[in-house]
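I opened the model today to look up a few local features. My notes follow in the order I took them.

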Amino acid sequence: MAASESKYSLVGDSESRDSDSESGTFLPRSSYQTGPRRRVWPWILHVISFLISASLFVAAAANYHRSLGPAGFDEPGYTQEYSKAVESVGLRHSWQYYGEFAQPSPWRGQPNADVDAAWENITHAGVFSITREQMERLNKLHNTSVMLPPESGGGYMASLEATHQMHCVDMLRKFSYREYYADKSAPFSDPDKLRTHMDHCIEMLRQVIMCSADLHIITYDWVAHVDTPWPDFSVSRQCRNYDSIMDWIHQRTAMTSAPKGLIIRPEGAAVKHVEPVEYVHEGF
């Protein structure tokens with residue numbers, strides 16, 4: 001009996017645990033427990049291991065989807081990209097920039113009809129309609145918000161930032177060849193309006209670049225005929241398919257019979273007061 005009591009006293013007797021601390025250190029606790037209780041701890045460990053594994057899997061999946069979709073799912077709705085566009089054409093694929101200084105491109109070089117057509121294809125896609133709920137989620141619903149007429153499908157007028165940013169890049173391109181476009185593009189017909197337009201575009205692109213702050217690496221090489229390090233701008237990264245984005249917009253573009261595609265403000269409509277500015281609008 002004494003031997004039996006001694007065998008199990010380590011489980012609940014603090015004095016026995018203290019006096020036999022060396023055995024308690026090296027022997028598993030289950031050595032001191034009765035048969036039925038020995039089965040509890042393995043199950044607890046299995047459950048803990050499962051929960052840890054599940055948590056790691058969920059975290060990895062969330063990070064993966066963030067890399068493919070919106071910049072941050074945890075951000076408030078009004079800072080996120082348009083979810084319907086992300087779901088349709090937001091996936092990314094591997095792409096390498098064409099970064100050589102003299103790399104041929106349909107969008108570069110002396111202006112001509114073909115170059116202008118190439119830029120037209122990636123800048124002018126028109127506007128589309130979004131719902132009242134989407135406007136509220138964007139925190140953009142005001143009594144001054146523009147609604148599309150019934151002939152254009154109704155809803156609220158919207159467009160994607162990508163095409164506006166591309167328009168600004170095209171404006172910088174045209175400005176570098178402004179003698180050619182002086183009598184071919186409306187903004188170039190008035191120096192004051194052109195200056196306002198260009199300053200706006202430069203400021204918008206500055207904010208876009210600083211906001212996205214590209215952290216991909218540019219490497220350097222030694223090249224023939226140059227004694228200093230030569231940057232390799234052909235960076236590899238994950239990109240969206242811009243052609244698919246343009247197709248997505250075209251499929252949803254609101255149509256209108258209004259002259260030049262411009263919707264005129266209805267009489268009595270509420271207006272937002274902004275700083276007066278000379279502005280050139282070329283329609284949808």
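**Entry 1: A213.** The model is predicted, and I began with one residue in it. I looked up the accessibility of A213 and got 39% relative accessibility. Partly exposed runs from 20% to 50%, so A213 counts as partly exposed. I then placed A213 in the loop between α10 (191-212) and β4 (219-221). I checked the backbone as well. Phi of A213 is near 35°. That is a positive value, and A213 is not a glycine.

**Entry 2: N139.** I noted a positive phi here too, near 60°, again in a residue other than glycine. N139 sits in the loop between α7 (132-137) and β3 (156-158). Is N139 buried or exposed? I read 54% relative accessibility for N139. The cut-off for exposed is over 50%, so N139 counts as exposed.

**Entry 3: α6 and α8.** I turned to a helix pair. Helix α6 covers residues 113-123 and helix α8 covers residues 161-176. Their axes come within 9 Å and cross at roughly 155°. Angles over 145 degrees count as roughly antiparallel, so I logged α6 and α8 as roughly antiparallel to each other. Which residues make the contact? From α6 I listed V115, D116, W119, I122 and T123. From α8 I listed T163, M166, H167, V169, D170 and R173. I sorted the residues of this contact by class and got five nonpolar, three polar and three charged.

**Entry 4: D170.** I followed up one residue of that contact. D170 is found in helix α8. Its relative accessibility is 5%. Buried means under 20%, so D170 counts as buried. What does D170 touch, leaving aside its neighbours within four places in sequence? I found W119 and T123. Both W119 and T123 are on the α6 side of the helix contact.

**Entry 5: a pocket.** I finished with the second largest pocket. Its volume is about 210 Å³. I wrote down the lining in sequence order. Y97, Y98, G99, E100, F101 and R108 come first in my list. D214, H216, I218, F233 and V235 complete the lining. How does the lining divide by class? I noted six nonpolar, two polar and three charged residues. The charged ones are E100, R108 and D214. G99 and H216 are the polar ones.

Technical notes:
Residues numbered from 1 in each chain as written. Predicted model: local features only at pLDDT ≥ 70, side-chain atom pairs only at ≥ 80, totals over all residues. Heavy atoms only, no water. 1 Å grid on protein atoms, 1.4 Å probe; cavity = no way out; pocket = protein on both sides within 12 Å on 5 of 7 lines; lining within 4 Å. Points joined across faces, edges and corners; volume = space filled by probe spheres on them. Axes fitted to C-alpha atoms, helices over the stretch in contact; angles between N-to-C directions. Helix = DSSP H or I, 4+ residues; strand = E, 2+ residues; numbered from the N terminus. Parallel < 35°, antiparallel > 145°, perpendicular 65-115°, else oblique. Contact = heavy atoms within 4.5 Å. Buried < 20%, exposed > 50% of the residue type's maximum accessible area, 1.4 Å probe, protein only.
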